[in-house]
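This report walks through a protein model from its overall dimensions down to single residues with unusual backbone geometry. Please keep the sequence and the structure in view while reading.

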Amino acid sequence: MDIKNRIVRFRNHLEENGLSTAVVMLPDHQYYLTGFKALIYSRPIYLVVDIDKSTLIVPGLEELHAIQEAEVDHIEVYYEHPEEVKTDQMTVVREVLSQYSQGTRVGLDLGSAPASLYHFIKNLGFSISDVGEELVRMRYIKDEEEIDMMKKAGELVNLGVKTSIEACMEGISELEIDSKGDLAIYTKASTEYQGATLDLIVMSPSGEVRTTLPHVFSNTRRFERGDAIIHSRQVALNGYRAELERTIFVGEPDDEQKKIFEVATEAQLKALDFIRPGVTAAEVDKVARKVIEESDLGQYAVHRTGHGLGISAHEEPYVRFDNDLDLEEGMVFCVEPGIYVPGIGGFRHSDTVVLRKNGAELITEYPKTLNQLILQ
């Protein structure tokens with residue numbers, strides 16, 4: 001990862017806005033700026049960046065991890081055992097910030113930082129400005145190294161979806177088909193990417209009730225004849241993600257299911273064909289939503305057409321009706337219009353696309369026509 005250039009860009013932002021330093025709390029922002037990510041649980045990590053240096057404040061159990069992986073100038077540690085002096089994390093934060101004069105401006109990613117930290121820094125005599133929006137904008141456009149990792153993640157997610165769908169049959173459970181794809185992904189990654197980390201998100205809600213819940217954990221429900229299933233997967237390889245989703249059927253769907261499936265599929269295809277640099281996020285959403293509205297299903301399209309993807313499972317820019325942002329080369333999106341009709345079910349395909357100079361490059365693939373997604 002090009003950490004040095006990212007830090008330079010961020011420092012330029014601090015200098016241009018009269019900020020002495022910034023405290024970054026969102027783990028995904030920290031990973032973007034340092035290459036370090038930990039399982040935080042209840043022990044927060046603080047990244048402090050100023051014009052000259054970067055300091056990572058970590059709990060003792062992450063000290064060796066940070067030394068091995070974090071691209072920072074200094075590491076400060078707070079501990080949880082009485083043999084050490086620094087056992088209060090906020091004392092360490094205070095010490096790191098004490099080198100800056102009271103009254104100076106400190107940046108904080110206000111969309112992520114806890115209110116308690118905001119008040120703590122204010123009470124030290126600093127004024128606070130947001131740097132979160134700048135970090136979000138920095139992450140809009142992916143470089144080729146990031147895109148290459150997302151394409152590799154795309155190969156893994158393709159495999160996982162294929163394997164899980166091939167395991168679908170009447171009587172098998174949502175969790176069981178998820179596990180089939182998980183195993184295939186873990187096996188391939190362990191063979192081809194030594195030392196890599198993986199993060200898997202998978203959902204397979206089934207039936208007329210559960211498929212109308214766009215985000216719901218898989219459970220032990222077993223598939224029945226006539227069920228629709230929304231099989232949804234994300235795979236992150238070394239921190240970078242790809243997403244692929246397909247709506248499938250156990251046995252022949254009824255006429256109403258077929259109709260709504262075809263509308264959802266057409267909406268996605270139209271949006272994928274339209275999305276490119278130079279159009280706005282709102283225009284892409286409008287293209288998909290127009291297909292759905294013309295079929296009198298607009299009230300059942302309850303979410304945006306898509307979202308940015310990269311380090312985070314969902315990240316800006318969002319492809320929604322009120323976002324007039326001009327899309328640019330190097331942005332990566334999931335395109336996923338969905339329709340959810342009570343008493344009938346939910347229908348959604350999702351694919352991951354990289355915006356290139358002349359259009360969009362798909363990095364996920366699996367059949368999406370009706371006859372290819374009916375499992376007998």
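The text below treats the whole chain, then one strand and its neighbours, then one helix, and finally some particular backbone positions.

**Overall form**

The model is predicted rather than determined by experiment, and in it the protein holds 11 helices and 17 strands. A compact globule of 376 residues would have a radius of gyration near 21 Å, and the 23 Å found for the protein agrees with this. Along its principal axes, the C-alpha trace extends over about 70 × 45 × 35 Å.

Of the 376 residues, 53% are buried. When contacts with a separation of 6 or more are considered, 65% of them link residues 24 or more positions apart. The accessible surface of the protein amounts to about 16900 Å², and carbon and sulfur atoms contribute 49% of that area. As for charge, there are 39 positive and 63 negative side chains, yet the centres of these two sets lie 2 Å apart.

**Strand 8 and its partners**

Strand 8, which covers residues 228-237, is mostly covered, with 10 of its 10 residues buried. In a regular strand the side chains alternate between the two faces of the sheet. For strand 8, one side carries A228, I230, S232, Q234 and A236, while the other carries I229, H231, R233, V235 and L237, and the residues on both sides are all buried. The buried set thus includes the charged residue R233 as well as H231 and Q234.

Strand 8 pairs with strand 7 (residues 198-203) in an antiparallel arrangement joined by 6 bridges, and within this pairing Q234 of strand 8 is the bridge partner of I201. Strand 8 also pairs with strand 9 (residues 240-250), again in the antiparallel sense, over 10 bridges; here H231 stands opposite R246 of strand 9. Strand 8 and strand 9 form a hairpin with 2 residues between the strands, in which N238 takes a positive phi.

**Helix 2**

Is helix 2 (residues 27-34) enclosed or open to the outside? Because 7 of its 8 residues are buried, helix 2 is largely enclosed by the rest of the structure. The buried residues of helix 2 are D28, H29, Q30, Y31, Y32, L33 and T34. After helix 2 comes G35, which has a positive phi near 75°.

**Particular backbone positions**

Two residues other than glycine that have a positive phi are set side by side here.

| Residue | Phi | Location | Relative accessible area |
|---|---|---|---|
| N238 | about 50° | loop between strand 8 and strand 9 | 27% |
| D296 | near 60° | loop between helix 11 and strand 10 | 65% |

With a relative accessible area of 27%, N238 counts as partly exposed, because that class lies between the cut-offs of 20% and 50%. D296, at 65%, counts as exposed, and its loop runs between helix 11 (281-294) and strand 10 (306-308).

A further backbone feature concerns the peptide bond between E316 and P317, which is cis, with omega about 5°. P317 has its place in strand 11 (residues 315-319).

How values were computed:
Residues numbered from 1 in each chain as written. Predicted model: local features only at pLDDT ≥ 70, side-chain atom pairs only at ≥ 80, totals over all residues. Heavy atoms only, no water. Helix = DSSP H or I, 4+ residues; strand = E, 2+ residues; numbered from the N terminus. Rg over C-alpha atoms; globule rule 2.2 N^0.38 Å. Buried < 20%, exposed > 50% of the residue type's maximum accessible area, 1.4 Å probe, protein only. Contact = heavy atoms within 4.5 Å. Areas by Shrake-Rupley, 256 points an atom, 1.4 Å probe, with all protein chains shown as cover. Lys, Arg positive; Asp, Glu negative; His and termini not counted. Charge placed at Lys NZ, Arg CZ, Asp CG, Glu CD. Pairing = 2+ DSSP bridges.
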